[in-house]
Structure formats: C-alpha cells, structure tokens
Amino acid sequence: MIEIEEVKERVILVAVCTGDEAFTAHSLDELEDLAETAGAITVGRLVQNLDHPQSQAYLGSGKLAELRELVEELGATGVICDDELTPAQMRNMEDCLECKVMDRTLVILDIFAAHAVTSEGKIQVELAQLRYRSTRLVGLRNSLSRLGGGIGTRGPGEKKLEMDRRLIHQRIGQLKAELEQVKRHRDTARKQRMGTGIPVAAIVGYTNAGKSTLLNRLTDAGVLEQDQLFATLDPTTRLYTLQEGDKILLTDTVGFINKLPHHLVDAFRSTLEEAKYADIILHVVDASDPMMDMHMHVVYQTLQELGVEDKIYITLFNKQDRVEGTVITKDFKADHTLSVSALTGQGLDQLDGLLTQILRSRKIYVEQVVPYAQAGKIQLLRKVGQLLFEEYTEEGIAVKGYLPVEYFNEFMS
C-alpha cells in the first residue's frame, strides 16, 4: 500500500511594527498558531519598524529584498502578512517574491472553511470568502488561479477560479438570500426559547479560551474540544439544570480574535448576535495567557460592535490548572468574576451558586393555595418558574416556588 504524505506549505511570517514590539511579537505568535491550524509550517519571521505599512508592497524596498533572500534561503513556499493586504500590495509582493502571498484574513477564512460543519456555517464562510475576493479581482491579470485560496485551497476557491465580478456578486446575492432564510429560522427558534421563560447565558471569549470545554463540562454537550484556534464555529445551545433546580440555557458562540476580518463579522452576525439576546454573558478568559488583558479588550470591542448592551457579565478566568505563580486577574467591566478551570472543574460550584443567585434575584417567591378551579396556573409556574412544593388540600393546591417578575401579576390574578 502506497502512503501519500500531504506536502505542507512552508511559510514566513511578516509584520510591520508601528509601535509596541511586544504586541507585534504576540500577534506573530498568534499568526503562527493560525498558520499551524490551517496546515502550514512556519520556517521564519521578518518584522519591519515603520510608522505605517507601505502602500505599494506592505514593506519597504530594502526589507522586501531581504525577504526575497529569506524565501530562497529557507525554501519557503509562501509568505503570510499579519495585516490585511490591498490587492496592489499583494500583487506587488508576489511579483517581487515569486511565491504565494497571503494575509491574516485569508488564513482565518481558510480555517473557517475547513471547520464549518453545518450548512449555515458553510454558507457564512463562503459569503465571507467571496466578499473578500470580490475586491481583489481588479488588476490580478493572469494570476486569477491563485484565488484558489491560501493554505490548502479550501472553500469556494476550489470551484470556479475564472469567476468574474458579475458572477461573484450573483453568488453573493444568492448566499445572502439563503442566509436570510437561516436567520429567520434562528429568530423563530430564539422566540420559542424566550417563550419558555428559561433565561439564556451566552458563552463568549477569545478563541481557544476554553468555551467549548466549559459547555461540555456543565452539560455534556459533546462539542469538539481542541487546543486549537477556531476549533468550533457552529453555536450550540444546551439546557443546564443548576444544583438548586433552576434551569438556564447555555449557548456557545464562535471565538473572537484580534483583527477579526470584518467580512466574517458581517457573515456570522446572526450567529454572533446570540449574545445580543442573552440575559447573561459568560466571558471566558484564558488566565494562563500573558496577553489576557488584550484578549478581553478585543472581546468587549467586538460585543460593542454587535450592539450587546445592558447585560449581566460574569468573567471566568479559566485554565487555572495552567496558571504558574501569582497572576492578578481583574475585569472592571464585569459584574462578577470567578477563577475556574473548565478542565478540572475548579470553581464551577461557585459558578453554579452565582447563576442561581442571579436567576433568583430576577424572580419572586410565591407561596399560595390555588383553588382547584384555577389549577391551570400551576402549569404556568412549572413552565416559566420553579415549583418547589406542591400539596393537595381541601381548600386547593398549596404551592411554593419562584416566578419571573413579568409573570407575577398573571399568576396572582
């Protein structure tokens, strides 16, 4: 039997540092993780200090010549820039380097294309890819074939490389119509969930912070867990019954990342907006990452862009099992903070108690004897509240429980 080994791309990471060198170094570390997730091997790095990237070819001419020598010396098959390139920058760099040139956006799109499982996820990814590529058709001359993609040529790039702008816009219109239909289904499902009276908590956070691990630990959801960026894309909602008997729906969302392409934010807006309609935001932070403060800033910035406001924020400083030494954890924007480990279960009892406390604060304790003629009211208590005690007496049905504030008058009438 002949085994065919997949040949991996050998790439050099390139960045323009406009200020903080530590931030640029971390961004390149993250880009290396992205490249690895997409299936490439990083063989070198190159950084140039500039006030801003050069409009012609991202780097200055001297640094570009140095990069060309590095490509030949290391046998690199491609270059990945840490910022989104303009069509002119990409074309000029390819002409000079004579190898494939990609940017951070293209690599993230590649990863999303590889990890999309559901039809909704595939539609969202293809829409983002086509929007990205539609702006890059002009001036590419005979090199349209390289629109096949970045690492591994995934997604719609494999289909019709000769598509012109008109055909791409037709496909974008078709995908937007399909996505609108999916959005209507999602809105319907969301309204049905809201009709149950069960509160919703959206799990958000930087990519690879441990959101899926948390959801699995609490609900046995069976969501894919990998120490990898963007391991899961499709949102998963599961019912979680707290130790005191209260119920809450937990929804996992796609991870955020620095310089998240706006094409993706637009395409995944219906998915990301799950947080907009949640009652509680569970913000998962990797406490073992030295750049966690920057990660939190990116998450809050993205939530603000999505219009997520007036929510109860619980920040979970996760991965405590990986934290070495004393790490100061603080989040002044959160209503509550906890140190947890979704992997080992550390701190999850406190989370359970905190969620119970928050949910109970939104409910009214009721203790009443309901006449048998109005026994239907007890169904309301079961459906949208929490029935703690029920006893049949001569006068009626004695009940004790918790009821959401908005249903109290209906129950008492």
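## Exercises on a predicted model

The chain has 13 helices and 13 strands, and the model examined here is a predicted one.

**Exercise 1.** Determine how many disulfides the structure holds, and explain why C81 is not part of one.

*Solution.* Begin with what the term means: a disulfide is a covalent bond between the sulfur atoms of two cysteines. The cut-off needed for this step is that the two sulfur atoms lie within 2.5 Å. Next, take C81, whose sulfur is 9.7 Å from the closest cysteine sulfur, that of C99, which is too far for a bond. Then turn to C96, which is in no disulfide either, since the nearest cysteine sulfur, again in C99, is 9.4 Å away. The count for the structure is therefore zero disulfides.

**Exercise 2.** Decide whether C81 and C96 are buried, partly exposed or exposed.

*Solution.* The cut-offs come first: buried means under 20% relative accessible area, and exposed means over 50%. C81, at 0% relative accessibility, therefore counts as buried. C96 has a relative accessible area of 24%, so this cysteine is partly exposed.

**Exercise 3.** Find out which residues of helix α12 are buried and how they are arranged around its axis.

*Solution.* First, list the buried residues of α12, which spans residues 376–384: they are K377, I378, L380, L381 and V384. Second, look down the axis of α12, where these buried residues fall within an arc of 150 degrees and so line one face of the helix. The general reason is that an α-helix has 3.6 residues a turn, so residues three or four places apart point the same way. Finally, consider the face of α12 turned away from the buried side, which carries the exposed residues G376 and K383.

Notes:
Residues numbered from 1 in each chain as written. Predicted model: local features only at pLDDT ≥ 70, side-chain atom pairs only at ≥ 80, totals over all residues. Heavy atoms only, no water. Buried < 20%, exposed > 50% of the residue type's maximum accessible area, 1.4 Å probe, protein only. Helix = DSSP H or I, 4+ residues; strand = E, 2+ residues; numbered from the N terminus. Arc of directions from axis to C-beta.
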